[in-house]
Amino acid sequence: MPDQDVTYPPLDVLKPVAENLWIVDSGPQEAMGLSLPVRMTVIRLSNGDVWLHSPTRYNAELRREIETLGSIRHLVAPNIAHWTHLKEWQVGCPAAKTSAAPNLRQRPQVRKAGIRFDRDLTDSPPDDWGGEIEQAVIPGGAGFREVAFFHRPTRTLILTDLIQNLEPEKLPLGTRLFARLTGVDAPNGKAPAYLRFVVRLRRKEAKEAVSRIVAWNPERVIFSHGRWFDRDGTAILKRAFSWLLE
């Protein structure tokens, strides 16, 4: 079987989703013998500032393309795993503030990488984007935190790893088996089994947080790995989190 392309070409370019909302598909991301697609979400705020969620690999051409939208002012590390490319973006965008999920700055490998953090995220959005983007922290055991964001003007929910939706036909055998065994194979993606276990360690607080994001009534749901959901977002969200909400 030929090598399969797990990604969503074209890569490392802006792709419009809705007004003032774009994605950048990238990858493949290699980890633990797996090959995964990975995605960044880009929002232009009403003041013209640009907000990057889970920055993917950096290159100057992509940065220049994004800067045609406005000044890159916000780099967002939304959970304790998605931080690998922050340093490159910090160097390329020295005026940008870096906002991070709780507990990320404490990770030894993050401290060793010398990444600057300007703010830890909470359930309350900062004034910089609070007029347009809601947020909620979904907790778990072992220090896990993921911050969910809701872009109100487009009714778009932005997650990272709490939903993964990997298309089996795009995956090499090992990653396909991973997707099947952890329950993240499309079209019925959700959090992988190991992450569901971690979140259940803080079940009460996590259920409250997820109930809040469902109440936002999103139309679409974008996340970092796999085919994102471009319609029926609230219904899909309830299905994807049935393991926690029911």
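**Sheet order, crossovers and the largest pocket**

Strand β4 (residues 50–53) and β5 pair in the parallel sense over four bridges, two strands being paired if DSSP finds at least two bridges between them. The model is a predicted one, in which local features need pLDDT of at least 70, side-chain atom pairs count only at pLDDT 80 or more, and totals for chains, interfaces and linings use all residues. Residues are numbered from 1 along each chain as its sequence is written, and side-chain values use heavy atoms, with hydrogens and water left out. Helices (H or I, at least four residues) and strands (E, at least two) are DSSP runs numbered from the N terminus.

In the pairing of β4 with β5, histidine 53 has valine 76 as its bridge partner in β5. Strand β5 also pairs with strand β6 (residues 97–100), again in the parallel sense and over four bridges; here leucine 75 has threonine 98 of β6 as its bridge partner. Both connections are β-α-β units: β4, helix α1 (residues 60–67) and β5 make a right-handed one, and β5, helix α2 (residues 86–92) and β6 make a right-handed one as well. A crossover is right-handed if, with the strands pointing away from the viewer, the path from the first strand over the helix to the second runs clockwise. Five of the six residues of β5 (residues 72–77) are buried, so this strand is largely enclosed by the rest of the structure; buried means under 20% relative accessible area, exposed over 50%, and partly exposed in between (1.4 Å probe, protein chains only).

These strands belong to an open sheet of seven strands with mixed pairing, in the order β1-β2-β3-β4-β5-β6-β7. Its edge strands, each pairing on one side only, are β1 (15–18) and β7 (119–120). Between β1 and β2 the pairing is antiparallel, over three bridges, and proline 16 stands opposite tryptophan 22 in β2.

Strand β8 (residues 133–139) runs antiparallel to strand β9 (residues 145–151), and seven bridges join the two. Proline 139 has arginine 145 of β9 as its bridge partner. The two strands form a hairpin with five residues between them, and alanine 142 in the turn has a positive phi of about 60 degrees. Strand β8 is mostly covered, with six of its seven residues buried.

The largest pocket has a volume of about 770 Å³. Of its 31 lining residues, the closest to its centre are Gln29, Ala81, His82, Asp161 and His225. Two or more lining residues come from each of β2 (21–31), β3 (34–44) and α5 (193–200), and β2 gives the largest share, six residues. On a 1 Å grid over the protein atoms alone, a cavity is a set of points where a 1.4 Å probe fits but cannot get out, and a pocket is an open set with protein on both sides within 12 Å along at least five of seven lines; lining residues have an atom within 4 Å of a point. Grid points are joined across faces, edges and corners, and a volume is the space filled by probe spheres set on the points.

The protein averages a pLDDT (the predictor's confidence in each residue, from 0 to 100) of 96, and 99% of the residues score at least 70. Among the elements, β2 has the lowest mean pLDDT (93), and strand β10 (residues 156–158) the highest (99).
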